[in-house]
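Hi,

Here is the structure I promised to pass on. Have a look at it first, and my notes follow right below.

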Amino acid sequence: MHSISYWQRLKVAFQYVMPQLYLTQFAGWFAKQKWGKVTHLAIKAFAKKYNIDMSIAQKEQFNDYESFNEFFIRPLKDNARPINQNPTALCLPADGRISECGHIDDNRLLQAKGHFFRLEDLLAEDKELVAAFKNGEFATTYLSPRDYHRVHMPCDGTLRKMIYVPGDLFSVNPFLAQHVPNLFARNERVICVFDTEFGTMVQILVGATVTASIGTTWAGVINPPRHNEVKTWIYEGESAVKLTKGQEMGWFQLGSTVINLFQENQVRLADHLSVGEPVRMGEILAYKK
């Protein structure tokens, strides 16, 4: 942190002392209120601040949203995000920016320049999963407040396991990713494990400050309520959930981060992926090796 300014140091320090949970709970309470014109004016101000393109939303008018929650997870028009149909390609799961991507060095993933975190910490010490993804590939997509907040499948997959991991609620913006060690492995998250033709794939929805809730299409809202222990759901037989490429699988109520993990020698990340560059759901993420 020696290379950052005094005010930037304060910004990082504040993340450690601010009441993360209470701020997030308040944001969740506020976001579900239906205050008519007040809500519409607040949504309009938010959209203007973050330069949100409403022309691609199914509901283009601010007055069509009864609450901030409804606005945050607004669905897009059918043709807004075409899904790449190359059968050997996986698609990006969300709109946002690439935070980091690349090779998993044994059990280490790059969080930001000079900062690494371990598979063991990210995957809640699940030894089977850790072993499966050593020396694999990963991609981290950051969803800002302005982005589309629904998360989709990179490829066809069958859900085998879901793990809720309690944790902190640090902000996950790119600046803090550079200055809060082990950020993604210490924040609250939902780990989804899929069987695919590209090997086992993990898609992780990482919580953050004022991310009021995380949900999946098969289980609904995962949090709140928030739990103090790791919870695991196993899906097999008739309970196995099958999803198709591009299909919605989850959502955030406000922006956060999605991390994808792939096994060794299964995929090659697309050459056009670049840290900090904007990406759209449905564009190519990787190719089958």
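Four strands make up an open sheet in the order 6-14-10-11, with antiparallel pairing (strands are DSSP runs of E, at least two residues, numbered from the N terminus; two of them pair if DSSP finds at least two bridges between them). Strand 6 (150–152) and strand 11 are at the edges with a single partner strand each, so one side of each has no neighbour in the sheet. On average, neighbouring strands here are turned by 25 degrees against each other, direction ignored (axes are lines fitted to C-alpha atoms, and angles run from 0 to 180 degrees between N-to-C directions).

Before I go on: this is a predicted model, where local features need pLDDT of at least 70 and side-chain atom pairs count only at pLDDT 80 or more, while totals for chains, interfaces and linings use all residues. Residues are numbered from 1 along each chain as its sequence is written, and side-chain values use heavy atoms, with hydrogens and water left out.

Back to that sheet. Strand 10 (residues 214–216) pairs antiparallel with strand 11 (residues 220–223) over three bridges, and a hairpin of three residues links strand 10 to strand 11. Strand 10 also runs antiparallel to strand 14, again with three bridges. Thr-216 has a bridge partner in each: Gly-220 in strand 11 and Gly-250 in strand 14.

There is also an open sheet of three strands, ordered 1-18-16 and antiparallel. Its edges are strand 1 (89–91) and strand 16 (267–269), each with a single partner strand, so one side of each is left without a neighbour in the sheet. The average turn between neighbouring strands is 30 degrees in this sheet, direction ignored. Strand 1 pairs with strand 18 (residues 284–288) over three bridges, and Cys-91 has Ile-284 as its bridge partner there.

Now the annotated residues. UniProt (unreviewed entry) puts "active site" at Asp-95, His-152 and Ser-256; such annotations may be inferred rather than shown by experiment, and the positions are in the numbering used here, with feature names shortened. These residues span 162 residues in sequence, but no two of their C-alpha atoms are more than 14.3 Å apart, so they gather at one spot.

Asp-95 is in the loop between strand 1 and strand 2 (96–103). With a relative accessible area of 5%, Asp-95 is buried (that means under 20%, with a 1.4 Å probe and protein chains only). Beyond four places in sequence, its contacts (heavy atoms within 4.5 Å) include Arg-81, Asp-147, Tyr-148 and Arg-280.

Ser-256 is in the loop between strand 14 (248–252) and strand 15, and is buried at 0%. The same unreviewed UniProt entry lists Ser-256 under "modified residue: Pyruvic acid (Ser)". Thr-257 belongs to strand 15 (residues 257–262) and is buried too, at 0% relative accessibility. Thr-257 touches, among others, Thr-140, Val-172, Phe-184 and Phe-252.

Last, the packing. The largest nonpolar core (buried Ala, Val, Leu, Ile, Met, Phe, Trp, Tyr and Cys joined through side-chain atoms within 4.5 Å) has 37 residues, and Cys-192, Phe-194, Trp-218, Met-249 and Leu-285 have the most contacts inside it. Trp-218 is in contact with residues including Leu-159, Met-162, Cys-192, Phe-194 and Met-249. Another core, of 32 residues, lies apart from it and includes Leu-119, Val-165, Ala-177 and Leu-183.

Cheers

Methods
Buried < 20%, exposed > 50% of the residue type's maximum accessible area, 1.4 Å probe, protein only.
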